[in-house]
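Me: I would like to go through a few packing questions on this chain, one at a time, with the reasoning set out before each result.

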Amino acid sequence: MAPVPTATVRGIEVHYRRSGAGPRLLLITGTGSSLRESAVLLEPFAEVFDLLAYDQRGLGETTVPDRPPTMADYAADAAALADSLGWNSFRVVGISFGGMVAQELAVTWPERVERLALVCTSPGGTGADGAALSSYPLHELDDLPLEERVRVGREILDRRFTDDWLADHPSDRFIADVFEQRVRAPRTDEQRRGERLQLEARRHHDVLDRLPAISCPTLVAAGRYDATAPPANSEAIAARVPGAELRLYEGGHVFFFQDPTALPDIVGFLSGAP
């Protein structure tokens, strides 16, 4: 068996995967996601790009850090991993929590990001009307009893996911079942610790006032029925990133698996194709 590619990045061993050919694209995955769980999502991007994806600190095969990381740490990990491969500039797609990391990356090193897609994510902070622009507090969800965590998690995945809706929409039923299996999957204490560290960092995410620093072409993509990262949060991002384009899709937090136009749109935008 071929050795798992790893890079020593900022004092931790980062497990990564590089595949495909074309423009350089860094893909940053969501809360609790590892490369193994994200394989089906990587394929459409690897068909067009030189794709770099990785397990974020504390997840998958990457080291669980000793100290609590910040959102700046997650962004610095991404930049350092790119450095280790000789990538001075690249395109970025960030999904959910990965979109939060991608925002932090793009406001800190705007000169390195060539094109940016922010998918089902939030800027943090508070809007002019006083409304919070954070994603659902998953650290609170994580504290609930298992059965309640399954129920609430399904509801915030897609606002339409009632029993009646799922009975009439088998593809959405499949998505809900996969989500439930993931929530119920056994974890080691070390896996739980890594996931919890990510949730604690996530709760402090706030780049709202720094978003005007992003200088590359940017696509903000959201699901109309997403109750984890509501469309209003994407609207707030698009309003603050100069020249950003907002697109809404038919689906919830994983609209890219629900709306067949979503992934081709995102890939096309990142490739620079019309």
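Me: How many Å does helix α7 reach from its first C-alpha to its last?
Reply: This is a predicted model, in which local features need pLDDT of at least 70 and side-chain atom pairs count only at pLDDT 80 or more, while totals for chains, interfaces and linings use all residues. Residues are numbered from 1 along each chain as its sequence is written, and side-chain values use heavy atoms, with hydrogens and water left out. Helix α7, a DSSP run (H or I, at least four residues; strands are E, at least two), covers residues 170–184 and has 15 residues. The expected span is 1.5 Å times one less than the number of residues, and α7 comes close to that expected 21 Å, reaching 21 Å.

Me: Which residues of α7 are buried, and why do they line one face of the helix?
Reply: Buried means under 20% relative accessible area, exposed over 50%, and partly exposed in between, with a 1.4 Å probe and protein chains only. Seen down the axis of α7, the buried residues fall within an arc of 95 degrees (taken from the directions from the helix axis to the C-beta atoms), so they line one face of the helix. On the other side, P170, S171, F174 and Q181 are exposed, whereas the buried residues are D172, I175, A176 and V183.

Me: Which helices do the buried residues of α7 pack against?
Reply: Contact here means heavy atoms within 4.5 Å. By that criterion the buried residues of α7 pack against α5 (146–157), α6 (163–168) and α10 (255–258).

Me: At what angle do the axes of α5 and α7 cross?
Reply: Axes are lines fitted to C-alpha atoms, for helices over the stretch in contact, and angles run from 0 to 180 degrees between N-to-C directions. The axes of α5 and α7 come within 10 Å. Residues making the contact include V150 and L157 of α5 and F179 and V183 of α7. The crossing angle is roughly 145 degrees.

Me: How are α1 and α11 oriented to each other?
Reply: Helix α1 (residues 35–46) and helix α11 (residues 262–271) pack with their axes 10 Å apart, at an angle of about 45 degrees. L41, P44 and F45 in α1 meet L263, I266, V267 and L270 in α11. Angles under 35 degrees count as roughly parallel, over 145 as roughly antiparallel, 65 to 115 as roughly perpendicular and the rest as oblique, and α1 and α11 are therefore oblique.
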